[in-house]
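Visitor: I am new to reading protein models, and I would like to understand why particular words are used for particular places. Could you show me the structure and then take the words one at a time?

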Amino acid sequence: MLKVADLVRDYPEFRLQAGFTVGEGEFFSLLGPSGCGKTTLLRLISGLERPENGRIILNEQDVTDLPPSRRRIGLVFQDYALFPHMTVEENVGYGLAVQNVPVTERNKRIRRLLEQFEIGQLARREVGQLSGGERQRVALARALAPEPLVVLLDEPFSALDYGLRRRLREELRLLQRRIGFTAVFVTHHQEDALALSDRLAVMANGRILQVGSPKEVYERPESLEVAGLLGEANLLPGRVEESTEAEVRVMLGNVELVGIPGGKERLTVGQPVWVLVRPEGWTIHETGLVARVVGWEYLGHSTVYLVEGGAWSGRVLAGNGEEVVAVGQEVRLAIRPGQARVFARED
Ligand code: ATP
């Protein structure tokens, strides 16, 4: 449906280089920290910016040289950017009026969208009088009215508090599944990207580091950089004892840990490595690595223990109801099967 091929955009102090594809009906996210180039990428796809190099193919048509209005791309901006003094139906119909769609066809499409989004009763309201959820629906309906092939969403929840953001996120996902539009969603908020996406691209410094399903990218990061950008990462320094394609045995002091190779290159015996373990990848156990609890955070549904193990420190997630561990206490930590990834480390 959408193919971004070898795209390059150069600014004086920044270069964006990206390539990815999005399938029809897919919800695809671009996730990365502030300044990594997400907005630039969206602006290139929508045609608000021109690339130095590369092509943008939409439904097998090369749209790289077309102006924004001829690309069949819908946009949903931060905070929705609705026209405040227009009614809901005027907002939804705006793009159609700009395109000179005849009035009867225009009204038919507006009515259908208002029905699909269940906002027909709000048609004559000014958008200033709407709730957050209603505004989201109007913004989506407005973006979909000209029947775009892809809808680009630029951090639509950025200014919202946690409760509303979660509610709108669930609703966005349901609407997207029900109506079936193709979406490219930009965010620096990892929970949004994990919760919403069919697939996501993790970005940093103008590049895409990894593309995959939320589960793949979180559970099988291909680099320490991706692991650090998506979720919490405990890193334990060790040396390779034995290495096969499927498994690496690592010595950490006199304790042996078994992990899965994280990167693509085969690790060699004796090589210094980092063992990556997520906070939920541990169990507090009778055997294993010795660590001391130096603090804890109670999170309601779980507790995170802050631990120090000599050459490393980390965070260990424990479900509530599990044994309470006091600060200062020594614990032994075992890694759950399949929960450690091993990456090369500079000595
Ligand atoms: P945020 O989440 O903060 O919006 P982002 O990931 O969307 O960040 P971009 O807005 O795409 O990042 O910016 C990427 C980089 O490109 C930044 O370093 C920015 O300063 C630079 N940049 C963006 N637009 C221009 C421009 N018109 N001229 C020069 N540099 C620019």
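Guide: Let us begin with Arg199, which forms a salt bridge with Glu26, their closest N and O atoms lying 2.6 Å apart. The two partners come from distant parts of the chain, since Arg199 sits in strand S9 (residues 199-204) and Glu26 in the loop between strand S2 (14-22) and strand S3 (27-31), 173 residues apart. Before we go on, please keep in mind that this is a predicted model, in which local features need pLDDT of at least 70 and side-chain atom pairs count only at pLDDT 80 or more, while totals for chains, interfaces and linings use all residues. Residues are numbered from 1 along each chain as its sequence is written, and side-chain values use heavy atoms, with hydrogens and water left out.

Visitor: Why is the contact between Arg199 and Glu26 called a salt bridge?

Guide: The term asks for a side-chain nitrogen of Lys or Arg within 4 Å of a carboxyl oxygen of Asp or Glu. The closest N and O atoms of Arg199 and Glu26 are 2.6 Å apart, and therefore the pair meets that limit. In general, side chains of opposite charge can pair when their charged atoms come close.

Visitor: What makes a strand a strand when you place Arg199 in S9?

Guide: Strands are DSSP runs of E with at least two residues, helices are runs of H or I with at least four, and the numbering starts from the N terminus. By that reading, the chain has eight helices and 20 strands.

Visitor: Which of the words buried, partly exposed and exposed fits Glu26, and why?

Guide: Buried means under 20% relative accessible area, exposed means over 50%, and partly exposed is in between (1.4 Å probe, protein chains only). Glu26 has a relative accessible area of 11%, so Glu26 is buried, whereas Arg199, at 24%, counts as partly exposed. Of the 347 residues of the chain, 48% count as buried.

Visitor: How do you know that Glu147 and Arg112 also form a salt bridge?

Guide: Their side chains meet with an N to O distance of 3.5 Å, which is set against the salt-bridge limit given above. This pair, too, links distant parts of the chain, with Glu147 in the loop between H4 and strand S7 (150-154) and Arg112 in helix H3, 35 residues apart. Glu147 is called partly exposed because its relative accessible area is 35%, and Arg112 is partly exposed as well, at 41%.

Visitor: What makes Arg315 and Glu297 a pair of this kind?

Guide: Arg315 forms a salt bridge with Glu297, the closest N and O atoms being 3.0 Å apart. Arg315 belongs to strand S18 (residues 313-319) and Glu297 to strand S16, with their positions 18 residues apart in the numbering. Arg315 counts as partly exposed at 23% relative accessibility, and Glu297 counts as partly exposed at 31%. Elsewhere, salt bridges that share partners join Glu105, Lys108, Arg109, Arg112 and Glu147 into one network, and the structure holds 25 salt bridges.

Visitor: Why is Asn100 called exposed, while Glu155 is called buried?

Guide: Asn100 has 64% relative accessibility and so counts as exposed, whereas Glu155, with a relative accessible area of 8%, is buried. Asn100 is found in the loop between H2 and H3, and Glu155 in the loop between S7 and helix H5 (162-179). Asn100 has a positive phi of about 55 degrees although it is not a glycine, and phi of Glu155, also a residue other than glycine, is positive and near 45 degrees.

Visitor: What makes a residue of the lining of the largest pocket nonpolar, polar or charged?

Guide: Ala, Val, Leu, Ile, Met, Phe, Trp, Tyr, Cys and Pro count as nonpolar, Asp, Glu, Lys and Arg as charged, and the others, Gly among them, as polar. The lining of the largest pocket divides into 12 nonpolar, five polar and two charged residues.

Visitor: Where in the chain do the residues of that lining come from?

Guide: Strand S6 (73-76), helix H2 (88-98) and helix H4 (132-144) each supply at least two residues of the lining of the largest pocket. A pocket, on a 1 Å grid over the protein atoms alone, is an open set of points where a 1.4 Å probe fits, with protein on both sides within 12 Å along at least five of seven lines, and lining residues have an atom within 4 Å of a point.
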